[in-house]
Amino acid sequence: MDKPKVLVCSAWPYASGVPHLGNLVSSLLSGDVFTRYYRLRGTDVLYVSGSDAHGTRVEYEAQQEGITPAALAERNHRRIVEILEGFGIEFDNYTTTENETHKRFVRDIYLQMEANGYICTKVEQRAYCRACEKFLADRFITGTCPKCGSPDALGNQCDNCGSILEPEELIEPRCNFCSGGEVEFRETKHWYLDLAKLSDPLEAYVASRGFQGNVHRYTQQMIDEGLRPRAMTRDIDWGIPAPFEGAEGKVFYVWGEAALGYVSAVIEHFVGDERWKDFWFGDDVHQIYTLGKDNIAFHTLIFPGQLIASEQGYHLPDQIAATEYLNWIGGGSFSKSRGVGLYGDDALEVMDGELWRFYMLYNRPEGRDTNFSWEELEKAVNGVLISNIANLMNRVLSFVQTQYDRVVPDVTPDAEIADRLREGIGLYERAVDEALLGQALRAVCDLAVFGNEYFQRKKPWETSDGAAVAGAIELVKGMAILLLPYTPKFAAEILATLGFGDPTWDDLGVALRGRSIGSDRVLLERIDVDEIREHVENGQAEEGNGEDEEPTETTKGTVPYSDFEKLDLRVGVIRSAEDVPGADRLLHLSVDFGAETRQCVAGIKGSYTADALVGKSVVALLNLEPRTIRGLRSECMLLAAQGDGLAIVGPDRPLEPGSPVS
């Protein structure tokens, strides 16, 4: 890449919640690595993204909490910003789609598309839930995918096969808002981006970029199926109002406006300065987009289609760096409410963000989906980063500090080191050029393996081999520079000890022979994975006792009556209740069951205060295996119904504590 400017854009996380590890590594963290890498090389880099504040998902979560969508989005935006800081992810502009610059830009560019003949309308049948008495956004309709048969396809996309869908294509669609309500289709008018009319310029654009791997596969699949008009408006309350004549009450589809934020975020960054155009017009800029594979078609066809339709001459995306999925243990999808997976805020509670950066990027899902595992966390952090990389660096630095009085031997470094370092740098550069950031990091790890073997083989403590020592410290410097985009704090500390306070890529060629180095020791402490795992699993138990993020199915199938008979359900009376320190949802209860009193840790704090529970009759399951949650033993589980909050199940008249329920 030889362009003087680079624009890095990361897919916008939804402000309905906070990003999980998979979101972080696919978009936000990957974008940060690209930004640091090109900035290290002296390129003029701009990195933008923001919180996607609109759409039904935000509207739904706000409704569940009894607050406005705007309040929810702003609160979660602040939480996401804190998470970004914790992981060392630095943007030039991290904004939101509620920003007025964005709203104005979206309205203006759609009017340009309409004036150029690329917006069409259609009166159509759209999904409507009779129980909710509302039209449904695509993401809140679930059904069987007509392409691959997956039973959990959404109304806009099947995550299993990647097909972009319309709700009416689903087989047996059902409403997610009310947990499986019957969906019918009613007539309504919507405004469409005419992708069919844009087919020729879009296919020419795709061919010019030469997309590879999953980007090529998902993009070509949509082209082969035939590009057709794509709805850009929705019948929901929360979003940017569509400016078209006759579109009163319509807002833009969340993906119909979020990607346009890449442009508006740059405009906002420059605050009226025309320099924003340097990153959006002409051929002196290289644009990189980081995202998960489920967002590929939006970035390779729909977003470029919008830019082309405006006829303003925008620069179109160059490099789409799309990962596969990072799933939870065993391949499960992340869900904070069900206690599945690890989210950014929780991850930072148990381990430093710098170490998480290394783990996620070392295991970045390139070429295939990967699953989180505690064994891989142990291997990546304790095995590779600390025992391999940090051990070599500390070993070499301390040797020069103690045996050479902090002065690098003034001799020509061993050519074996120079050759191996040059080879490693080449592998690293090619991998970054191909958006294989995990592969690039592994090239640095391989250098550390070589370095440890080399230092042990040369035994400079016995041979006084100055060329070996000079070579080893050049290797340490080179590795630290290559690590700056990945572990910026650790790498910067190493380089500061070597005398590079503001390192650049050119410092790879600066010789250290004869130079004095600092006296600081740069150490990384090993992590206790068992302790981290226990903390995480206890936290997941807390979340799993709370409210779900999204409605679940009305029924879960049948079970034999003999299984039901195994459940020991009894009436109890809550005798005491208190908050669990540091837990947002948990209450610690003492429940009287007549013959005994049991302790219960319940995730009901969002629906009940501690004082309101004392004396309340409840129904609880007694023969569930006890669990330790936040250090407290929970010996039973209260029954609760979920609707607008949680409602504890109890008898409708006074009963003796311990009365059986059957």
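# Close-up views of a predicted model

**View 1. Asp579 faces Leu587 across two paired strands.** In this view, Asp579 stands opposite Leu587, a residue of strand β18. The model shown here and in every other view is a predicted one. Strand β17, which covers residues 569-579, and strand β18, which covers residues 587-592, run antiparallel and are joined by six bridges. The two strands belong to an open sheet of five strands, whose order is β19-β18-β17-β20-β23 and whose pairing is antiparallel. Strands β19 (597-602) and β23 (637-638) stand at the edges of this sheet, and because each has a single partner strand, one side of each is left without a neighbour in the sheet.

**View 2. Strands β1 and β2 lie side by side in the parallel sense.** Strand β1, made up of residues 5-10, pairs with β2 over five bridges, and within this pair Val8 stands opposite Tyr47 of β2. How many of the eight residues of strand β2 are buried? Seven of them are, so strand β2 (residues 44-51) is largely enclosed by the rest of the structure.

**View 3. Trp12 sits in a loop that follows the chain from β1 to α1.** The loop that holds Trp12 lies between β1 and helix α1, the latter spanning 21-40. Is Trp12 buried or exposed? Trp12 counts as buried, because its relative accessibility is 9%, and the cut-off for this word is under 20% relative accessible area. Trp12 and Tyr262 are 250 residues apart along the chain, while their C-alpha atoms are separated by 9.2 Å.

**View 4. A salt bridge joins Glu429 to Arg41.** The structure holds 41 salt bridges, and in the one shown here the closest N and O atoms of Glu429 and Arg41 are 2.7 Å apart. This pair links distant parts of the chain, since Glu429 belongs to helix α13 (residues 415-433) and Arg41 to the loop between α1 and β2, 388 residues apart. With a relative accessible area of 21%, Glu429 is partly exposed, and Arg41 is also partly exposed, with a relative accessible area of 34%.

**View 5. Glu100 and Lys103 meet within one helix.** The side chains of Glu100 and Lys103 form a salt bridge, with a distance of 3.5 Å from N to O. Why are these two residues separated by about one helical turn? Glu100 and Lys103 are three residues apart in helix α4 (residues 100-115), and therefore about one helical turn lies between them. Glu100 is partly exposed, at a relative accessible area of 46%, whereas Lys103 counts as buried, at 16% relative accessibility.

**View 6. Arg230 and Glu166 take part in a network of salt bridges.** The side chains of Arg230 and Glu166 meet in a salt bridge, at 3.6 Å from N to O. Arg230 lies in strand β10 (residues 230-231) and Glu166 in the loop between β7 (153-154) and β8 (171-175), so the pair ties together parts that are 64 residues apart in sequence. Arg230 is buried, its relative accessible area being 4%, and Glu166 counts as buried as well, at 7% relative accessibility. The network links Arg230 and Glu166 with Glu124, Arg126 and Glu168.

**View 7. Four acidic residues form a negative patch on the surface.** The residues that make up this patch are Asp200, Glu203, Asp224 and Glu225. One of them, Glu203, lies in helix α5, which covers residues 199-209. Glu203 counts as partly exposed, because its relative accessibility is 38%.

**View 8. Glu311 and Ala435 each have a positive phi.** Most residues other than glycine have a negative phi. Glu311, although it is not a glycine, has a positive phi of about 55 degrees, and Glu311 is found in the loop between α9 (296-310) and β14 (319-323). Ala435, likewise a residue other than glycine, has a phi near 65 degrees. Where is Ala435 found? Ala435 is in the loop between α13 and α14, the latter covering 437-458, and Ala435 is buried, with a relative accessible area of 10%.

Key. Residues are numbered from 1 along each chain as its sequence is written. This is a predicted model: local features need pLDDT of at least 70, side-chain atom pairs count only at pLDDT 80 or more; totals for chains, interfaces and linings use all residues. Side-chain values use heavy atoms; hydrogens and water are left out. Patches are made of residues with over 30% relative accessible area and no salt bridge: like charges are joined within 9 Å, nonpolar side chains (Val, Leu, Ile, Met, Phe, Trp, Tyr) within 5 Å. Accessible areas come from the Shrake-Rupley method with a 1.4 Å probe; for residues, only the protein chains shown count as cover. The place of a charge is taken as NZ of Lys, CZ of Arg, CG of Asp or CD of Glu. Helices (H or I, at least four residues) and strands (E, at least two) are DSSP runs, numbered from the N terminus. Buried means under 20% relative accessible area, exposed over 50%, partly exposed in between (1.4 Å probe, protein chains only). Two strands pair if DSSP finds at least two bridges between them.
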